[in-house]
Amino acid sequence: MIFKDYYKILGLETSRVSIDEIKIAYRNAAKKYHPDVNVGDHLAEERIKDINEAYRILSVPSSKRKYDRIWNSHHLVNKKFNMKGKDSIVKMFFGNIKQNREESEKKGKEPLRGENVETEISTTIYEAFNGSDKKISLRTVDGKMKTFTVSIPQGIRNGEKIRLIGQGKPGMNGGKNGDLFIRINIKNDKKFKLQGCDMYTDLLITPWEAALGTRVNIQSIDEETKVYIPQGIESGEKIRIPGKGYKDGKGSRGDLIAEVKIMVPKKLTSQEKKIFEQLDHISTFNPRKD
């Protein structure tokens, strides 16, 4: 190990200096060789390491006293003094500083995994029910846009995440990249609304269908099915169609829940108007009196 003159590294000519003088010398040297001032200068980078090392030894009174004995010996002995012998003295007081620094630097270069990244995309009920591929674009850490193709599996649940391995932030020192997690937001549309595994829709019927009862066809998300409308059903009542809702991830499905809405025609033919007038004349039903 080569002896380092820590006082000379800090710009001092003698060991007879106070701790405050050492601090001032350290600040001046660190400012002069700071990486921001010496961009791309590898010699400056090495010099700042020596400066930090010198300050670490000389700023502590106990280690300074030990070093001063070595420093004084170095300046008093003959120039032909065996350097190997000096190495033994230095190691006896301080251990192998260079080895410790190398081990510290090696530890600082251990592979570090990159951070995970999370984002969110919206998809329709139809895309989520049937499965689909969607493209998304994200800005990477270097400012560039990157496009990903996301395969949305059939029956994915609202709020579930899709994981793209290795598409997160890059690792350091050879470490693996983080992952990209994409949260799925299933959007309701005008026809269907999703609540858990059940799907809600409106069922529009006429006043006479509501009064007489009937069978009507209703469209679920993937097929048309026939349902029975009981006689005298009222607007706002719900009809549950089992197994015609959203997928539950276990091979089954939720229910389709149809809310009845009785639609009154805005324009009547003369015959329709006549029939309604007759009904008004002969009917005993009057909700205002019930």
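Salt bridges number 15 in this structure, which is a predicted model. Side chains of opposite charge can pair when their charged atoms come close. Three of these pairs are set out below.

| Pair | Closest N and O atoms | Separation in sequence |
|---|---|---|
| Glu-115 and Lys-169 | 3.7 Å | 54 residues |
| Lys-261 and Asp-202 | 3.2 Å | 59 residues |
| Arg-253 and Asp-222 | 2.8 Å | 31 residues |

Let's take them one by one. Glu-115 makes a salt bridge with Lys-169. Glu-115 sits in the loop between helix 6 (97-108) and strand 1 (117-124), while Lys-169 belongs to the loop between strand 4 (161-164) and strand 5 (180-187), so this pair ties together parts that are 54 residues apart in sequence. Glu-115 counts as exposed, at 52% relative accessibility, and Lys-169 is partly exposed at 36%.

Next comes the salt bridge of Lys-261 with Asp-202. Here the partners lie in strands: Lys-261 in strand 11 (residues 256-262) and Asp-202 in strand 7 (residues 198-205), which are distant parts of the chain. Lys-261 is partly exposed at 32% relative accessibility, and Asp-202 is partly exposed at 38%.

Arg-253 forms a salt bridge with Asp-222. This pair again links distant parts of the chain, with Arg-253 in the loop between strand 10 (238-241) and strand 11, and Asp-222 in the loop between strand 8 (214-219) and strand 9 (224-229). Arg-253 has a relative accessibility of 24% and counts as partly exposed; Asp-222, at 39%, is partly exposed.

Finally, there is a network to look for: salt bridges link Lys-4, Asp-50 and Glu-53.

Methods
Residues are numbered from 1 along each chain as its sequence is written. This is a predicted model: local features need pLDDT of at least 70, side-chain atom pairs count only at pLDDT 80 or more; totals for chains, interfaces and linings use all residues. Side-chain values use heavy atoms; hydrogens and water are left out. A salt bridge is a side-chain nitrogen of Lys or Arg within 4 Å of a carboxyl oxygen of Asp or Glu. Helices (H or I, at least four residues) and strands (E, at least two) are DSSP runs, numbered from the N terminus. Buried means under 20% relative accessible area, exposed over 50%, partly exposed in between (1.4 Å probe, protein chains only).
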